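Please study the sequence and the structure shown below before attempting the exercises. Each task is followed by a worked solution.

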Amino acid sequence: MAEWWQELFDEKYLTLFAEARGPLHTAQEAEALAALLSRHGAPDDGEILDLACGFGRTAIPLAQVGYRVTGFDLSPLLLEQAQEAASETGLALEFCRGDMRQLPAAWSGRFDALINVFTAFGYFEAPEDNQQVLAEVTRVLKPGGLFIIDLSHRDRVISDYRETDWFEVDDLLVCTSRQFDPISGMNTEMMLWTDDSGERRSVFFKVHVYTATELSQMLRQAGLTPLAYHGALASPPDAFPFDVFSRRLVIVARKEG
Ligand SMILES: C[S@@+](CC[C@H](N)C(=O)[O-])C[C@H]1O[C@@H](n2cnc3c(N)ncnc32)[C@H](O)[C@@H]1O
């Protein structure tokens, strides 16, 4: 049986989630990423890997400000969209398809920085698979290279937990049902809506939601030292300090050596 992360990231994802990270939000996130990269010493024309880049939302604006950007993702549809959008800018971005647990062997020590944004981590049921993603991040970074991760975090998710919820996107009303397992730390969500043709649709996902404490330990175990914590990918980066109620957890970490 296919895993949820092999099935969600097609036109269903674009319908439900693309608007949540529309052009204004994306411009702010890209500006924040560029500011963090610069603040922590990534070269202005450095090689950046956007890990789980989706449709190129953050990869393309980073290339526009001078970084040499590679996007990596599993979804053929999102990669196709990323490639099309990049072609329109005339910039030479590279895109590569694969599973984030195993990046290309030839990439060892290649990148000045890696970014992983909009909760593209914690997807694997086995905890060691999520740790393996971080091991791969470390492997493909240059010594001293940076890793920036942006995701939701457990303290906030629990403080704001609603087992049922709804939101509107375009003309669709999407109902959400949630279940959190405090032992595994996994949050399961089912979203239901009726599409334009009257057909009932649903998506399901199940993600490990970490505290800043847990994620910091995982980073250290992978050879990445946390340098800074922020509560959002905002510009300026210090606009939202990280605390238990922050909507997001953003960690900047450095590969030792
Ligand atoms: C929530 S989206 C975030 C996309 C992008 N970072 C952004 O900010 O728009 C998560 C991304 O992870 C990708 N993904 C899911 N499972 C993956 C895997 N095993 N290996 C690589 N990418 C994966 C999806 O295709 C999707 O593009």
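The exercises below concern a predicted model.

**Exercise 1. Domains**

Determine how the chain is divided into domains, and describe the side of domain 1 that touches domain 2.

Solution.
- Step 1: Domain 1 consists of 4-153 + 210-255, and domain 2 consists of 157-205.
- Step 2: Between the C-alpha centres of domain 1 and domain 2 there is a distance of 24 Å.
- Step 3: The contact involves 11 residues of domain 1 and 10 residues of domain 2. On the side of domain 1, the largest share, 3 residues, is supplied by helix 2 (residues 11-17).
- Step 4: Sorted by class, this side of domain 1 contains 6 nonpolar, 3 polar and 2 charged residues.

**Exercise 2. The length of helix 6**

Compare the expected span of helix 6 (residues 127-140) with the distance between its end C-alpha atoms.

Solution.
- Step 1: Helix 6 has 14 residues. The expected span is 1.5 Å times one less than the number of residues.
- Step 2: The expected span is therefore 20 Å, and the end C-alpha atoms lie 21 Å apart, which agrees.
- Step 3: The buried residues of helix 6 are Asn130, Val133, Leu134, Glu136, Val137, Thr138 and Val140.

**Exercise 3. The nonpolar core**

Identify the residues that touch the most other members of the largest nonpolar core, and list the contacts of Ile148.

Solution.
- Step 1: The largest nonpolar core has 61 residues. Those touching the most other members are Leu33, Leu62, Ala113, Leu114, Val137, Phe147 and Ile148.
- Step 2: When neighbours within four places in sequence are left aside, Ile148 has contacts with Leu33, Leu36, Ala113, Ile115, Val250 and Val252.
- Step 3: In soluble globular proteins, nonpolar side chains tend to be buried together.

**Exercise 4. Around the ligand**

Which residues are the closest to the ligand? Are Ala52 and Phe118 buried or exposed?

Solution.
- Step 1: The ligand is surrounded by 19 residues, of which Phe9, Ala52, Gly54, Ser75 and Phe118 are the closest. The shell comprises 11 nonpolar, 4 polar and 4 charged residues.
- Step 2: Ala52 lies in the loop between strand 1 (47-51) and helix 4 (59-64). Although Ala52 is not a glycine, its phi is positive, about 65°.
- Step 3: Phe118 belongs to the loop between strand 4 (111-116) and helix 6. Phe118 is likewise a residue other than glycine with a positive phi, near 65°.
- Step 4: A residue is buried if 20 or more other C-beta atoms lie within 10 Å of its own. Ala52 has 22 such neighbours and so counts as buried. Phe118 has 20 and is therefore buried.

Note on methods: Residues are numbered from 1 along each chain as its sequence is written. This is a predicted model: local features need pLDDT of at least 70, side-chain atom pairs count only at pLDDT 80 or more; totals for chains, interfaces and linings use all residues. Domain bounds come from an automatic or database domain assignment. Two residues are in contact if their C-beta atoms, placed from the backbone, lie within 7 Å. Helices (H or I, at least four residues) and strands (E, at least two) are DSSP runs, numbered from the N terminus. Ala, Val, Leu, Ile, Met, Phe, Trp, Tyr, Cys and Pro count as nonpolar, Asp, Glu, Lys and Arg as charged, and the others, Gly among them, as polar. A nonpolar core is a set of buried Ala, Val, Leu, Ile, Met, Phe, Trp, Tyr and Cys residues joined through C-beta atoms within 7 Å. A residue is buried if 20 or more other C-beta atoms lie within 10 Å of its own, exposed if 12 or fewer, and partly exposed in between; C-beta atoms are placed from the backbone. A residue is near a molecule or strand if its C-beta atom, placed from the backbone, lies within 6 Å of it.
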